[in-house]
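Visitor: I would like a close look at a single helix in this model and at what it packs against. Please go through it in one connected account.

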Amino acid sequence: MTETSTYTKTARWLHWAVAVLIALMLGGGFLMEFMPEDNLSLTVMVFNWHKTFGLLILVLSVLRLVWRLTHKPPPLPPEITGFAKLISKAVHILFYVFMIGMPLIGWAIISTSRFPSKLFNALPLPKLPILRDYSG
Ligand code: HEM
């Protein structure tokens with residue numbers, strides 16, 4: 001594992017890319033609740049871009065996890081010890097669980113629908129094979 005005294009450029013780039021995307025996704029996700037009912041094509045387009053950026057977060061987060069596991073991060077400040085150190089580690093792990101779990105759950109949910117989803121609002125988005133369509 002590579003040792004560094006600071007986070008690598010790649011780690012910092014991945015951190016901010018994922019942070020900005022998640023912030024946009026949270027805001028956009030809530031706005032999706034208020035799409036105009038008389039403009040279906042706009043709604044479909046906004047949902048397709050939500051799914052596309054969600055899957056981009058998934059890819060970047062997996063890359064980030066691989067990078068994190070193969071590159072030792074800089075040590076915590078020496079005043080952070082014991083319980084605080086444990087909590088810090090737990091929060092880091094939880095963030096990875098959410099960053100990877102949330103897009104996977106979104107993907108799993110749309111995999112139960114017969115409605116076709118499109119990456120970049122153009123390419124067919126494959127459904128996860130673990131779930132069947134029970135919608136009738
Ligand atoms: C980190 C990634 C993601 C974040 C932060 C996120 C966030 C959100 C938020 C905040 C909502 C609105 C929830 C509400 O107000 O009820 C939402 C809805 C939705 N998301 Fe995501 N999402 C992510 C990834 C995905 C992915 C990857 C997909 C599908 C491939 C997806 C599909 C959906 C769908 C279909 C809805 C609408 C659910 C409904 O109201 O019927 N999301 N998302």
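Guide: The model is predicted, and the part to look at is helix α2. This helix runs over residues 40-70. It has 31 residues and reaches 45 Å from its first C-alpha to its last, close to the 45 Å expected at 1.5 Å a residue.

Buried positions in α2 include K51, G54, I57, S61 and R64. The cover over the buried residues of α2 includes α1 and α3. An α-helix has 3.6 residues a turn, so residues three or four places apart point the same way.

Take α1 to begin with. This helix spans residues 9-31, and its axis comes within 10 Å of that of α2, crossing at roughly 150 degrees. With angles over 145 degrees counted as roughly antiparallel, that makes α1 roughly antiparallel to α2. The crossing is left-handed. On the α1 side the contact is made by T10, A11, L14, A17, V18, L21, I22, M25, G28 and G29, and on the α2 side by H50, F53, G54, L56, I57, L60, S61, L63, R64 and W67. By class, these residues are 13 nonpolar, six polar and one charged.

Two residues on the α1 side, A11 and G28, are 17 residues apart along the chain, and their C-alpha atoms are separated by 25 Å. G28 has 15 other C-beta atoms within 10 Å and is therefore partly exposed, since a buried residue needs 20 or more and an exposed one has 12 or fewer.

Now α3, which covers residues 82-110. The axes of α2 and α3 are 9 Å apart, and the two helices pack at an angle of about 145 degrees. This crossing, too, is left-handed. From α2 the contact takes K51, G54, L55, I57, L58, S61, V62 and L65; from α3 it takes Y96, M99, I100, P103, L104, G106, W107 and I110. These divide into twelve nonpolar, three polar and one charged.

L104, in α3, is partly exposed because 14 other C-beta atoms lie within 10 Å of its own. The C-alpha atoms of L104 and V18 are separated by 15 Å, although the two residues are 86 apart along the chain. V18 is one of the α1 residues that meet α2, while L104 is one of the α3 residues in the contact with α2.

Finally, compare the two lists for α2. G54, I57 and S61 appear in the contact with α1 and also in the contact with α3; these three are among the buried residues of α2. Of the other buried residues, K51 belongs to the contact with α3 and R64 to the contact with α1.

Note on methods:
Residues numbered from 1 in each chain as written. Predicted model: local features only at pLDDT ≥ 70, side-chain atom pairs only at ≥ 80, totals over all residues. Axes fitted to C-alpha atoms, helices over the stretch in contact; angles between N-to-C directions. Helix = DSSP H or I, 4+ residues; strand = E, 2+ residues; numbered from the N terminus. Left-handed = near helix turned anticlockwise from the far one by under 90°. Contact = placed C-beta atoms within 7 Å. Nonpolar A, V, L, I, M, F, W, Y, C, P; charged D, E, K, R; others polar. Expected span 1.5 Å × (residues − 1). Parallel < 35°, antiparallel > 145°, perpendicular 65-115°, else oblique.
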